[in-house]
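Biologist: Please take a close look at one part of this model, the packing of its helices, and set it beside the annotated spans and the ligand site.

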Amino acid sequence: MKIVIAGGTGQVGALLERAFTAQGHRVVILTRNPRRAGQVAWDGATLGPWVEEIVGSDLAVNLAGRSVSCRYTEANLKDMMDSRVDSARVVGQAIAAAVRPPRLWLQMSTATIYAHRHDAANDEASGVIGGHEPDVPDYWAYSVKIAENWERAQREAATPDTRKVALRAAMVMSPDRGGVFDVLSRMARFGLGGPVAGGGQYVSWIHDQDFVRAVEFLVAHEELTGPVNLAAPEPLPQRAFIRALRTSWRQPLGLPATRWMAELGAFALRSDTELLLKSRRVTPGRLVDAGFTFRYATWPGAADDLVRRARRHG
Ligand SMILES: NC(=O)c1ccc[n+]([C@@H]2O[C@H](COP(=O)([O-])OP(=O)(O)OC[C@H]3O[C@@H](n4cnc5c(N)ncnc54)[C@H](OP(=O)(O)O)[C@@H]3O)[C@@H](O)[C@H]2O)c1
């Protein structure tokens with residue numbers, strides 16, 4: 001297959017590029033700063049010569065978007081929104097205009113689209129979309145709005161010959177440097193892996209190999225269209241999640257952090273507390289119904305494997 005990955009220079013793109021290339025597919029990455037063969041320039045917002053890459057490709061994947069790990073200033077929030085919606089819109093325009101469009105368009109979305117809740121899990125059928133929770137800061141609704149607009153841009157694209165799937169992905173855990181697992185591991189190893197603000201908030205996650213396998217599954221299963229949750233079947237409260245990670249790193253100490261300490265930490269890391277405090281309880285209803293099986297369904301086993309691989313990387 002010829003596979004075009006827009007915004008494929010980040011953590012998730014690297015995983016997919018590695019896997020697809022290993023299987024003998026040809027991968028082209030669309031990036032604002034091409035640095036090597038196989039990378040083609042685009043601006044993530046307007047049509048250009050890059051459209052030629054979409055024509056005759058088999059699969060288009062769009063991952064582009066400003067990182068969400070930042071201070072949620074007005075300017076950053078606007079950038080987070082625009083980079084996602086504009087890139088999805090322009091990928092749709094390119095597919096719509098292609099004489100031979102790809103058969104499938106995988107558009108990144110996020111598990112953050114669901115409501116902050118503890119009582120039950122959100123699958124695609126019965127899940128509650130966020131934005132109206134009474135007990136959370138108002139600005140959390142903005143992340144949900146981003147996800148909704150992101151998915152709408154794909155849904156409304158006039159691409160009748162292309163199957164469309166929106167990937168509602170949970171945190172993708174891979175041992176690569178700079179990814180979310182790396183950041184959490186550093187905290188756990190330095191004794192800072194304790195409950196945050198009580199630790200009752202759920203963490204949804206997916207092991208990198210299952211993420212790649214789920215994407216391959218979606219490519220193969222032509223009956224699947226629309227939003228699909230990519231999350232392991234067993235999300236767990238943050239206090240259990242971080243305790244298991246500490247155990248895998250053999251770090252007995254895990255200092256608890258209060259809400260204001262989390263504020264301080266997020267400020268120091270130039271990030272936002274929503275990433276730590278929102279309860280994300282998301283399960284993979286459609287994948288499981290369609291017959292997908294997870295290699296890493298529970299977090300302790302996944303954490304052991306990721307730590308083993310991270311140690312190997314040094
Ligand atoms: N990692 C996760 O666990 C996870 C989970 C759920 C959803 N997601 C979503 O999946 C996508 C990929 O995740 P990731 O972790 O690989 O993200 P990432 O490392 O931040 O990479 C995203 C890519 O988007 C491009 N980009 C950034 N700002 C842009 C802008 N203003 N306009 C156009 N392109 C821009 C960048 O490519 P260039 O600089 O090369 O152009 C960057 O490599 C993101 O949208 C993220 O929100 C990630």
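Modeller: Helices here are DSSP runs of H or I with at least four residues, strands are E runs of at least two, and both are numbered from the N terminus. The model is predicted, so local features need pLDDT of at least 70 and side-chain atom pairs pLDDT 80 or more, whereas totals for chains, interfaces and linings use all residues. Numbering starts from 1 along each chain as its sequence is written.

The annotated spans give the setting. UniProt, in an unreviewed entry, assigns "domain: NAD-dependent epimerase/dehydratase" to residues 3-222; such annotations may be inferred rather than shown by experiment. Helix makes up 36% of residues 3-222 and strand 17%, and the end C-alpha atoms of this span are separated by 17 Å. The unreviewed entry also carries the annotation "domain: DUF1731", which covers residues 272-306. In residues 272-306 the helix content is 49% and the strand content 0%, with 25 Å between the end C-alpha atoms.

Helix H3 (74-97) links the packing to the ligand: helix H1 (11-22), H3 and strand E7 (171-173) each give at least two residues to the shell around the ligand. A total of 25 residues surround the ligand (C-beta, placed from the backbone, within 6 Å). Gly 10, Thr 31, Gly 44, Gly 65 and Ser 83 are the closest of these residues. By class, the shell holds nine nonpolar, 13 polar and three charged residues (nonpolar: Ala, Val, Leu, Ile, Met, Phe, Trp, Tyr, Cys, Pro; charged: Asp, Glu, Lys, Arg; polar: the others, including Gly).

Consider next the partners of these two helices. The axes of H3 and helix H4 (residues 140-155) approach within 8 Å and cross at roughly 10° (axes are fitted to C-alpha atoms over the stretch in contact; angles run from 0 to 180 degrees between N-to-C directions). In that contact (C-beta atoms, placed from the backbone, within 7 Å), H3 contributes Leu 77, Met 80, Met 81, Arg 84, Val 85, Ala 88, Arg 89 and Gly 92, while H4 contributes Tyr 142, Ile 146, Asn 149, Trp 150, Ala 153 and Gln 154. Nine residues of the contact of H3 with H4 are nonpolar, three polar and two charged.

H1 in turn meets helix H6 (residues 208-220), with the axes coming within 10 Å and crossing at roughly 65°. Leu 15, Leu 16 and Ala 19 of H1 face Asp 208, Phe 211, Val 212 and Val 215 of H6. This contact of H1 with H6 comprises six nonpolar residues, no polar residue and one charged residue.

A further pair is helix H7 (residues 238-249) and helix H11 (residues 299-313), whose axes are 9 Å apart at an angle of about 40°. From H7, Phe 241, Ala 244, Leu 245, Ser 248 and Trp 249 contact Trp 299, Pro 300, Ala 303, Asp 304 and Val 307 of H11. The contact of H7 with H11 contains eight nonpolar residues, one polar and one charged.

Conventions: Two residues are in contact if their C-beta atoms, placed from the backbone, lie within 7 Å.
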